[in-house]
Amino acid sequence: MTTHREPGAMDLLRGLGKGLATTAKTLARPAHTRQYPHQEPDLPERSHGVVALLEENCTSCMLCARECPSWCIYIDSHKETIEPGPEGGRARQHNVLDRFDIDFSLCMYCGICIEVCPFDALFWAPDFAYSEGDIRNLLHDKPKLGTWMTNVPDSTLPDGYVRPGQEAARPVADAAQHDETQDGTEQAGEPDG
Amino acid sequence: MSDLPLTVEVALKAVVVLAAFLSLPLAIGQTEHKVMAHMQGRLGPMEAGPHGIAQLVADGIKFVQKEDVTPAAADRWVFRLAPAVALIPYLVALAVIPWSAAWVAADVPASLLFVLAITSVGIFGTLMAGWGSGNKYSLVGGMRAGAQLVSYELPMVLAAASVAMAAGTLSLTGIAEAWSWWWLVWQLPGALVFLIAAVAELQRVPFDAPIADSEVVFGPYTEYSGLGFAFFLLAEYAGIVVMSLLFTVLFLGGWSGPWSDTLGPLWTLLKATAVAILILWLRVAWPRVREDQLQRLAWTVLVPLALVQLGLTGIGVVIWT
């Protein structure tokens, strides 16, 4: 155990000197400030900036809307009938998404919706500069949520997903393999026939 | 200048001093913004003009636009008059401080005595603000300022008296001309005492107990808004200018340096800027001292040290002259 000692005059002077030295050293070094509006921040690609929607993967299952702690996801859908393909088949139904809105004035960026989505339709995107002058304008619809897919990092995208306009860039064998897996998931997702 | 009529000369000098009085504190303020920011790893003001050079002008425009509130409980005339009383003494003091043997607006015989007397008047502005605001925090702050001034005026005057004794004159011009480099050693204790007392008189960190925001909000300036507040701020920075110049003339030889015949005022400016930056530096680096520590430092350290310096100077004067 160390015994407590009252600081003397020398300790005081040493402390004052240390204060001067530290501030002088900081003065000699460049400042840490990033001038944000003039200079874009250098964010990690997996930054939790905004929730992006991959509309084609959404099945309107409502899991995200029900798990959302702040009830900021609004989903409307209707059923459409698909006529049977081969002769004598049975007509099937599927959900068509009419409305997928996220109210970012209520969202608390917990990411639960992204975690619970079983179909990889929601992603974190690093975009952050979407402030509005009016709080009501923070309710964003599915086309707007879709635009944020652009900056979603490749590493978080589902296997086999090809960004629009990037198909040509992929190797043929790789693309074929992905097509297979995509078919597989589609079949697994189908109702029993 | 001598071929001009007296009235024209006086008017010209007054305008020059006023211009210096209005521009130098702004330069100090801007330097404080920047030095403080970079000492804390920040950039400071960057948007108003290149590298925020016009920040204080923008601040001034803002202060003019603000509503000038006089509290209902305030002693109206005392409250309104206080910023002027705090500000004017520094303007007057600036007029008698020499920048070189020729560059002095009013070369009065006992200018050291005059400067020390007139800068002590500034405290009345603070006391008036503290009393007139009708606010208990203002009153406590004003009383703290008064107590601080009484304690630190003594070592300051003793340190200044030591230099005057060494030079054998009370004229600032005479003191700076009598100065030679070895005074830096001979008058070192006095210089330290004077610098510490000057910082205390300016109520700057670490001696800013009168405006300690965590204890008395903003002390005597709590109730001020708009231009009144701006005047108090200006008085603080004008005070730094006056004290830095005074320290330069008394302890650093004023305009003495290479080619002092032509570059004299520049040397004064350079030395005073260094002193001013030192005063700004303390604000970033050091914590505030408690009210009792502040008094103890003045009476148990600075006054004895100043008396020792006075004795040292006396011995030196007797031996060498």
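This passage describes the fold of chain B, its nonpolar cores and the contact between chains A and B. The model is predicted: local features need pLDDT of at least 70 and side-chain atom pairs count only at pLDDT 80 or more, whereas totals for chains, interfaces and linings use all residues. Residues are numbered from 1 along each chain as its sequence is written, and chains are lettered from A in the order in which they are written.

Chain B holds 12 helices and 0 strands (DSSP runs, H or I of at least four residues for helices and E of at least two for strands, numbered from the N terminus). The C-alpha trace of chain B spans about 60 × 50 × 45 Å along its principal axes. Of its 321 residues, 46% are buried (20 or more other C-beta atoms within 10 Å of the residue's own, with C-beta atoms placed from the backbone).

The largest nonpolar core (buried Ala, Val, Leu, Ile, Met, Phe, Trp, Tyr and Cys residues joined through C-beta atoms within 7 Å) has 93 residues. Helix α10 of chain B, residues 226–251, supplies the largest share of this core, with 17 residues. Among the residues with the most contacts inside the core are B:F194 and B:F247. Not counting residues up to four places away in sequence, B:F194 touches B:M156, B:A159, B:A160, B:F247, B:L250 and B:F251 (contact: C-beta atoms, placed from the backbone, within 7 Å). Another core, of 21 residues, lies apart from it and includes A:C58 and A:L145.

The contact between the chains takes 10 residues from chain A and 11 residues from chain B.

Conventions: Two residues are in contact if their C-beta atoms, placed from the backbone, lie within 7 Å. A residue is buried if 20 or more other C-beta atoms lie within 10 Å of its own, exposed if 12 or fewer, and partly exposed in between; C-beta atoms are placed from the backbone.
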